[in-house]
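Here is a brief report on one protein chain and the ligands placed with it. Please keep the structure open while reading.

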Amino acid sequence: GGTLRFVLGDQLTRRVASLTDLDPAHDIVLLVEVRDEATYVRHHKQKIAFLFAAMRHFAAELEAEGIAVDYVRLTDPGNTGSFTGELERAVTRHTPARVVVTEPGEWRVWEMMQDWRETLPVPVEIRSDNRFLCPREDFARWAEGRHHLRMETFYRGMRRRTGLLMEGGEPVGGRWNFDPDNRKRLPKGHRLPDRIGFQPDATTREAIALVDREFADHFGDLSTFSWPVTRADALAALKHFIAECLPTFGDYQDVMKAGAPYLYHALLSPPLNAGLLTAEEVCWAAERAYRDGSAPLNCVEGFIRQILGWREYVRGVYWARMPAYRETNALGAGRDLPWFYWSGETKLNCIANVVADTRRHAYAHHIQRLMVTGNFALIAGLDPAQVEEWYLIVFADAYEWVELPNVHGMVLWADGGVMGSKPYAASGAYIDRMSDYCAGCAYDVKVKAGPEACPFNYLYWNFLIENEERLAGNQRMMMPYRTLRGMAETRRDEIRRDATRFLGSLRAEPEPAHQGDQ
Ligand code: FAD
Ligand code: DLZ
Ligand code: SF4
């Protein structure tokens, strides 16, 4: 027999390692829709529909090339519901000489793959994932013996390694980082660019209908689905972003605006993470825009840093530190996730907005994730495992390799400083400066104490008080702790009192009338 090439739902590129030496005369490509992958956490409906639609289109494209594809649908009779079960069945069906796979994005699936080598009656070859610019082994070598893994150091190495935005061994423009030029506020009356959405075709509509039927009780709307689900559409999305948004990308990167989650962001993470685009081509497309004068350096550098720097870096941290990484809880946080993370029913207008965007689009941009739902989770002391599960569920781009370092490390500081030198705690003033949320809020961001006060204000100080032993010695926390020590005892008591009242009012379960409609 030939080779059975098993392609996972987030490996949808003709260039994935497991397909490079494909022999159309003898080989079979296997793709499987399985219930376990849709329910190991109860993913947002759009995430499942996106992947099923993308998998079906990818299979059709392979078939059009004359490649034999064995595509198992979710509702096919006999579908065992798991990767392992479906691979076993396929081996029995096709009796291949061997199985070839590409290493997965998640530790969970990596463990399954190790078992396949022992339990399947044929050899299983696991190939290195060539969709990233930094191989796992290279990152592991860099990370060895270091406790702190700093993004900026890694990023400079990646610039040198790839030659992106480099000139004669030096960074273009004489600096590695143009962040100080970014982070502007949105001027009043500013007109945002129109975004292209992708009308679902018949195949995508079928996937949407399937998810609507089979996963009806999962979080999220399906009616607004407009993701690119083919390589051609993903390339069109990239082109649109480079032309219309990249020239302004850096300027308003941190802005948050009610009802407008997209702003100048790329919206490319779902197609990137599923394999429809490669990080390499996206970075070079951005660099070309700089070289031909259509986008300024601060925007292009800022964008390339997100992908060549952050994205590669978090993936490296994940593989270098798992499985222990997930288990740490450096700040000992343990409060239950409030129900309003699902319902959006809260007087905190910023959170209500981010949850509404997320439910509607399976998307929120970086600062919404970091400074609203993330910052709240940090300063309210929410249980890392519950917060991580939420992030893994609600976004169309979420896979553990990218979600976990961002949430566990960047946001919650549960890794004790592997990724960030200090927790990113902030009070309401930050949200007020970068958004229009506070104007429409029942709380007053200018008020520090009492029932009218913005809860972020006292939760911020309460967080510092609760973690004084763990954080006061941190060099980067000297300033706020100095302020805290200068506070009158009565002010400290007031903070504790407000925080206790507010935190005590949080509910982890819906009111009985809402049961079941998360
Ligand atoms: P843009 O803002 O336009 O950025 C361009 C690209 O840069 C993104 O497509 C993405 O590929 C990459 N990127 C930017 N920041 C990061 C980052 N911190 N880590 C990895 N890649 C980055 N991204 C995911 O892809 N999946 C996740 O599950 C995820 N969870 C996150 C959770 C939290 C708490 C935070 C703070 C960030 C998370 N991110 C995650 C990173 C980032 O928020 C998203 O990649 C981004 O919002 C995707 O939208 P975009 O394509 O419009 O991004
Ligand atoms: C996320 C997901 C979902 C919802 N469904 C499938 C599926 O039915 N079949 C599949 O091959 N992959 C799916 N995925 C993506 C996998 O979970 C992903 O490949 C693993 O998490 C490894 O990163
Ligand atoms: Fe959020 Fe506080 Fe602003 Fe309300 S006042 S939107 S709770 S930051």
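The report covers the domains, then the ligand shells, then one helix and a few backbone details.

## Domains

This is a predicted model. The domain assignment splits the protein chain into domain 1 (3–127), domain 2 (150–194 + 227–321) and domain 3 (340–514). Taken over C-alpha atoms, the centres of domain 1 and domain 3 are 39 Å apart. Domain 1 and domain 3 each put eleven residues into their contact. On the domain 1 side, helix 2 (residues 45–64) gives the most, with three residues. That side of domain 1 holds three nonpolar, four polar and four charged residues.

## Ligand shells

Where does ligand 1 lie relative to domain 2 and domain 3? Both domains give residues to its shell, so ligand 1 lies between them. The shell counts 27 residues, and H265, A266, Q306, R311 and A398 come nearest. Four helices each supply at least two residues to the shell around ligand 1: helix 9 (269–274), helix 11 (297–321), helix 14 and helix 16. Helix 16 gives the most, with six residues.

Ligand 2 has 16 residues around it. L8, G9, E37, P104 and G105 come nearest to ligand 2. Helix 1 (35–39) and helix 2 are the elements that give two or more residues to this shell.

Around ligand 3 there are 14 residues. The nearest are C350, C438, C441, V445 and C454. Helix 13, helix 17 and helix 18 each give two or more residues to the shell around ligand 3. Helix 17 gives the most, with three residues.

The table sets out the shells by residue class.

| Shell | Nonpolar | Polar | Charged |
|---|---|---|---|
| Ligand 1 | 15 residues | eight residues | four residues |
| Ligand 2 | nine residues | three residues | four residues |
| Ligand 3 | eleven residues | two residues | one residue |

## Helix 14

Helix 14 also appears in the shell around ligand 1, where it supplies at least two residues. It runs over residues 366–379. Does its length call for a span that agrees or disagrees with the model? At 1.5 Å a residue, its 14 residues should span 20 Å, and the end C-alpha atoms are 18 Å apart, which agrees. The helix still has a kink of about 30°, centred on T373.

Helix 14 is mostly covered, with twelve of its 14 residues buried. T373, at the centre of the kink, is among the buried residues. Others include I367, Q368, R369, M371 and F376. What do the buried residues of helix 14 pack against? Their partners are helix 12 (340–343), helix 13 (349–361), helix 15 (384–394), helix 16 (400–411), helix 17 (428–434) and helix 18 (455–466). One of these partners, helix 16, is the element that gives the most to the shell around ligand 1. Another, helix 17, gives the most to the shell around ligand 3.

After helix 14 comes G381, with a positive phi near 65°.

## Backbone details in the loops

Two residues have a positive phi although they are not glycines. L267 has a phi of about 55°. It sits in the loop between helix 8 (231–249) and helix 9. L267 has 24 other C-beta atoms within 10 Å, so it counts as buried; the cut-off is 20 or more.

A362 also has a positive phi of about 55°. Its place is the loop between helix 13 and helix 14. Is A362 buried or exposed? A362 is buried, because it has 29 C-beta neighbours inside 10 Å.

A cis peptide bond joins M322 and P323, with omega about 0°. P323 lies in the loop between helix 11 and helix 12.

## T346

T346 is found in the loop between helix 12 and helix 13. It has 18 other C-beta atoms within 10 Å, so T346 is partly exposed. Leaving aside neighbours within four places in sequence, T346 is in contact with F340, I351 and A352. G174 is 172 residues away from T346 along the chain, and their C-alpha atoms are separated by 47 Å.

Note on methods:
Residues numbered from 1 in each chain as written. Chains lettered and ligands numbered in written order. Predicted model: local features only at pLDDT ≥ 70, side-chain atom pairs only at ≥ 80, totals over all residues. Expected span 1.5 Å × (residues − 1). Bend = angle between axes of the 7 residues up to and from the residue. Contact = placed C-beta atoms within 7 Å. Domains from an automatic or database assignment. Nonpolar A, V, L, I, M, F, W, Y, C, P; charged D, E, K, R; others polar. Near = placed C-beta within 6 Å.
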